[in-house]
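Morning, everyone. Let's go straight to the metal site, then the pockets.

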Amino acid sequence: LLLTDIKQARDVANVAGRILHELSNAFVLGTYQIFIKASIGVSLYPSDGEDIDTLIKNADTAMYHAKNQGRNNYQFYVDSVKVTTSERRLILGTDLRGALEREELILYYQPQLDINTEKIIGTEALIRWLHPDFGLVSPTEFIPLAEDNGLIEPITKWVLRTACAQNMAWQAAGFPPMRVAVNVSNLFFEQRKVVETMSQVLKDTGMAPHYLEIELMESALMHNEEETIRELLQLKAMGVRVAIDDFGTGYSSLACLKCFPLDALKIDRSFVKDISTDRDSATITAAIITMAHSLQLNVIAEGVETEQQLTFLRAQGCDEMQGYLFSQPIPSSDIIQFLPAGSL
Ligand code: C2E
Ligand code: MG
Ligand code: MG
């Protein structure tokens, strides 16, 4: 439908609304009543394209968005490249509300390996959002929005449940049991809901607690120390493992680390990235490994991309690794290729 004589976008919206309304009446064909609904995509000249092909292509994209929004509605084309950062933030913030229900959130898994045997010992669950217009959106972009919008609780619960259920599905398929690590944001941890949520999820999925690891940011330890210790002791009593993510970036007092009942440190990617080229990064990494071991903590290096990095980390006695050298985060169905044959 080509509409001319358009003064503002609202004129188009009115027409689209009228079309939907007209279609909502039944069409009578002989003795039959036929119902038709429409998904309408709108593109505007010249902002969404200056030639007919671009305009139709963009209207088509908008139409798919309308279908995604449950059909029987109209959507304007949103140029995901052209929207400003603040517009994008606004759109994502609004759309995030329904993302769980629309099943747009997905978990990818990145293998974690024993650094010596190079056998997979677990996975880290990493969330992604498949947005209908923007494609895959990174958690670094939408997790902060979830924290602002009060959505971090349902999302964290969904992640925990999905990751544990997936891990149990691999076990049920006959693969040897392994760990799954889940990231927990500071806000959720500070709401003191972790213990309750974990025990519920473990109960519902039937997963043994020692196969679950939660990754906390270093900064999560720095507020309210006493309460944090109490919380961590409860997790320990449950048998859940606790790792500190991005270790080395959070300025936590090293002396204080021993006060917290932890299981593992994950060396931040920024150190690993430069270990084979920069002496300071190499020294810091070696020191973290030595210190962690003296505190009886396991050490995982994240972001391992090269053989040189792997060789250095191995020589320093690092325990585990994950990174693109072995595998990027991948959908659950692709993990199976890395799993050793199980009992089936
Ligand atoms: P993180 O937990 O430190 O995860 C590691 C990030 O490094 C992931 O980015 C991963 O894809 C990336 N990575 C892994 N190996 C390599 C490598 O060899 N090279 C490079 N360049 N990058 C590598 P991603 O998936 O974009 O996640 C970013 C951050 O978002 C995570 O950092 C984590 O803090 C947060 N996040 C992810 N999933 C969740 C979640 O379910 N809940 C919460 N609260 N935060 C999450
Ligand atoms: Mg992590
Ligand atoms: Mg990390």
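The magnesium ion (ligand 3) has protein donors D245 (OD), D246 (OD), E302 (OE) and E302 (OE), at 2.1 to 2.3 Å. Donors here are N, O and S atoms within 2.8 Å of the metal (3.2 Å for Na, K and Ca); water is not among the atoms, so sites may look incomplete. This is a predicted model: local features need pLDDT of at least 70, side-chain atom pairs pLDDT 80 or more, while totals for chains, interfaces and linings use all residues. Residues count from 1 along each chain as written, chains are lettered from A and ligands numbered from 1 in written order, and side-chain values use heavy atoms, without hydrogens and water.

The donor spacing in sequence is D-D-x55-E. D245 also coordinates the magnesium ion (ligand 2), 4.1 Å from ligand 3. D245 sits in strand β10, E302 in the loop between β12 (298–301) and α12 (307–315), 57 residues apart. Strands are DSSP E runs of at least two residues, helices H or I runs of at least four, numbered from the N terminus.

Are these two buried or exposed? D245 is buried at 7% relative accessible area, and E302 is buried at 10%. Buried means under 20%, exposed over 50%, partly exposed in between (1.4 Å probe, protein chains only).

Now the lining classes. The largest pocket has 16 nonpolar, eleven polar and eleven charged lining residues. β10 (241–247) is among the elements supplying at least two of its lining residues. For the second largest pocket, the split is 17 nonpolar, three polar and one charged. Nonpolar means Ala, Val, Leu, Ile, Met, Phe, Trp, Tyr, Cys and Pro; charged means Asp, Glu, Lys and Arg; the others, Gly among them, are polar. A pocket is an open set of points on a 1 Å grid over the protein atoms alone, where a 1.4 Å probe fits, with protein on both sides within 12 Å along at least five of seven lines; lining residues have an atom within 4 Å of a point.
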